[in-house]
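Got the model open in your viewer? Let's take a short walk through it, one selection at a time.

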Amino acid sequence: RAAGLQSGRVPTVGRLGSRPWSGGVSPLGAGAGLGEPICEYHEVAVRTSLPGPPRQEVTVEDLTPVLRELLEASGLQQGWVNVISRHTTTAVTINEWESRLVADVRRWLLDLAPPDDRSAVGQHGKGVAYAHNDIDQRPDSEDERQRCLENGWDITDEAELERWRAQEPINAHSHLLSMLLGSSETIPVAGGAMVLGQWQSVMLVDLDGPRDRTVGIQAMVLGQWQ
């Protein structure tokens, strides 16, 4: 196992401010006719078991046990489940969860998009640099300035601007890899179980870890909840 590589099962799950699933008829679907969609949504906290601080490490967590737990509690029999990442440097994918394959994935991804020399996992002298990582020149557009203000950073104050720059990670390669892998997966549900192959798992890939993350999970069924 590569140093600092997280390849364990999801250690802790928390539900955040969402309508919980329940057995019986969904409250969202009360009175729904056959063929009318019924949806339920959760945000689930995925706790990293790897000690911090974040350092642009690639980590993989198996979400499959969490999804099975939620499906069992929901009573959903026929429909589908959508899992979406809620971060710009994580991805959701379906493949085999196996520790040595996780190590291969890490090496392969970092070959595809090498980290900036200035990154915690970069190699000094390789000559890799991304414009996104020129933190001292950001924000350099009105759009980014507005997003900073909307997220609580008063960058009109020079001291606050420097604090914002200090906490920004050198993670352009993480964003690029997230775009390549994709941010969501949709899994059919039949007979109360996800339709997955024998060796398939639903995984969260953190490309800027280790960090605690969240995923959004939405279940949909046509007609009334079973």
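Which residue caps the N-terminal end of α2? Select Glu98: one of the oxygens of its side chain sits 3.1 Å from the backbone nitrogen of Arg100, and that makes Glu98 the cap. Keep in mind as you click around that this is a predicted model.

**The helix itself.** Now extend the selection to α2, residues 99–112. From the first C-alpha to the last, the 14 residues of α2 reach 20 Å, close to the 20 Å expected at 1.5 Å a residue. Colour Val102, Ala103, Arg106, Leu109 and Leu110 next; these are the buried residues of α2. They cover an arc of only 130° around the axis, so they end up on the same side of α2. Arg106 may catch your eye in that list, but it counts as buried along with the others. Flip to the other side of α2 and you'll find Arg100, Trp108 and Asp111, which are exposed. So Arg100, whose backbone nitrogen faces the Glu98 cap, belongs to that exposed group.

**What the helix packs on.** Show β3, β8 and α5 (172–181): the buried residues of α2 pack against these elements. Then add β5, and you can see α2 lying across β3, β5 and β8, at about 140° to β3.

**The sheet.** Hide the helices for a moment. What is the order of the strands in the open sheet? Reading across, the 3 strands go β3-β8-β5, with antiparallel pairing. β3 (57–62) and β5 (90–95) are at the edges with a single partner strand each, so one side of each has no neighbour in the sheet. From one strand to the next, the twist averages 25°. Zoom in on β5 and β8 (residues 201–209), which run antiparallel and are joined by 6 bridges. To see one bridge pair, pick Asn95 and look for its partner in β8, Ser201.

**Last stop: a loop aspartate.** Bring everything back and follow the chain into the loop between α2 and α3 (142–150), where Asp116 is located. Is Asp116 buried or exposed? It is buried: its relative accessible area is 1%, and the cut-off for buried is under 20%. Show side chains here, and you'll see the one of Asp116 making a polar contact with the side chain of Arg118, at 2.8 Å. Setting aside neighbours within four places in sequence, Asp116 is also in contact with Gly122, Val128, Ala129, Tyr130, Asn133, Ile170 and His173. Select that set to finish the tour.

Note on methods. Residues are numbered from 1 along each chain as its sequence is written. This is a predicted model: local features need pLDDT of at least 70, side-chain atom pairs count only at pLDDT 80 or more; totals for chains, interfaces and linings use all residues. Side-chain values use heavy atoms; hydrogens and water are left out. Two strands pair if DSSP finds at least two bridges between them. Helices (H or I, at least four residues) and strands (E, at least two) are DSSP runs, numbered from the N terminus. Axes are lines fitted to C-alpha atoms, for helices over the stretch in contact, and angles run from 0 to 180 degrees between N-to-C directions. Contact means heavy atoms within 4.5 Å. The expected span of a helix is 1.5 Å times one less than its number of residues. Buried means under 20% relative accessible area, exposed over 50%, partly exposed in between (1.4 Å probe, protein chains only). The arc is that of the directions from the helix axis to the C-beta atoms. A polar contact is a pair of N or O atoms within 3.5 Å; within protein, one must be able to donate a hydrogen and the other to accept it, and residues adjacent in sequence count only if both atoms are side-chain atoms.
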